Amino acid sequence: MSLQRITRLPAARLLGSVCQQQLLLPSASPVSVSRRAVIQSPYRRPGQPKDDPPPWQKIKFDFSKGVEGIKKHFGLLKNEFFGRWVGPEGKPIVEHILEQNQVIWEFRGPESLERWTVSSDREVGGQSEAYLKLGRNSNTCFLYGTLCSTPPRDGETRYSGYCTMRSKQPLASFDRKKHFDWSSFNTLHLRVRGDGRPWMINIATETFFSHQKDDIYSYFLYTRGGPYWQDVKIPFSKFFLAHRGRIQDDQHPLWLDKINTIGFTLGDKADGPFQLEIDFIGVCKDYAHTEEFAYEVYKRNPEV
């Protein structure tokens, strides 16, 4: 009996000391690794208070605007309903199947600029500026401004210097999202005139999950500079997937049946003025291009 008491005594003391140390030590939360699956909040400048007003404050009651909105949306609904009887997008089915070229965006007046939005790092404290106007004879779009890569002095931002131009999300009746269907085409066609700077073309598609809302498909646009126009054709198979500026390991081809927006971003760290003139943006069918995807794709169901 004495031997058993001697052997049990150190174990009991050890267990008691371990429990006492657990009570004295502060509780440490497990280390969490940021993933794309976590819902991410929109960017807010350091020190800026959180703006989260109640939902009822965002509603603006105006009887006259309400009547105009009803007329507008019911008119759009009527066009959608009768357009479906003609064919896809209001075109005959034969014309839709045999179509090899289609102009999506062209700039032929001030109303065409309302379909685009321009932004820069000035919105987050930077010093870059970007402006959009019509070119000569009101037949082109002229994007110009000044790029500055000096970061804001907020103690947190380390990099800065970008300007971007992006198309607005097209809307159907009652503010429903309207998508572009480019599944019949395989190449993006642009006619541009730049100043020799490299740009990034970004295409955003409809996503199924909330954590994919910042996914974009990107590729490079190299302008030659000078007074001459250049016709640029970029196959959709060359676009790669990125999330908030980071290229993803798991790549997959661009989903062409639900295209939302297209954009142009400049961020080459070369401070100074820039300009980019665009005649039109369209899509085409290149039968000589047979590549499905230019990058390595992981096997979904690997063979055992």
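Thr-187 lies in strand S6 (residues 187–194), where helices (H or I, at least four residues) and strands (E, at least two) are DSSP runs numbered from the N terminus. The model is predicted, so that local features need pLDDT of at least 70 and side-chain atom pairs count only at pLDDT 80 or more, whereas totals for chains, interfaces and linings use all residues. Residues are numbered from 1 along each chain as its sequence is written, and side-chain values use heavy atoms, with hydrogens and water left out.

With a relative accessible area of 2%, Thr-187 is buried; buried denotes under 20% relative accessible area, exposed over 50%, and partly exposed the range in between (1.4 Å probe, protein chains only). Neighbours within four places in sequence aside, Thr-187 is in contact (heavy atoms within 4.5 Å) with Lys-233, Ile-234, Pro-235, Phe-236, Gly-282, Val-283, Cys-284 and Asp-286.

The largest nonpolar core (buried Ala, Val, Leu, Ile, Met, Phe, Trp, Tyr and Cys residues joined through side-chain atoms within 4.5 Å) holds 39 residues. Trp-182, Leu-188, Ile-201, Phe-236, Phe-264, Ile-278 and Ile-281 touch the most other members. Strand S13 (residues 272–284) supplies the largest share of this core, 5 residues. Outside its neighbours within four places in sequence, the contacts of Ile-281 include Val-103, Trp-105, Trp-116, Leu-188 and Phe-264.

The structure holds 12 salt bridges, each defined as a side-chain nitrogen of Lys or Arg within 4 Å of a carboxyl oxygen of Asp or Glu. One of them pairs Lys-177 with Glu-206, the closest N and O atoms being 3.5 Å apart. Lys-177 lies in the loop between S5 and S6 and Glu-206 in the loop between strand S7 (198–205) and strand S8 (215–222), so this pair ties together parts that are 29 residues apart in sequence. Lys-177 is partly exposed, at 47% relative accessible area.

Arg-197 and Asp-268 also meet in a salt bridge (2.9 Å, N to O). Because Arg-197 lies in the loop between S6 and S7 and Asp-268 in the loop between strand S12 (259–266) and S13, the pair ties together parts that are 71 residues apart in sequence. Arg-197 counts as buried at 10% relative accessibility, whereas Asp-268 is partly exposed at 25%. A further salt bridge joins Asp-214 to Lys-213, with the closest N and O atoms 3.4 Å apart. Glu-106, Arg-108, Arg-191, Asp-231 and Asp-279 are joined into one network by salt bridges that share partners.
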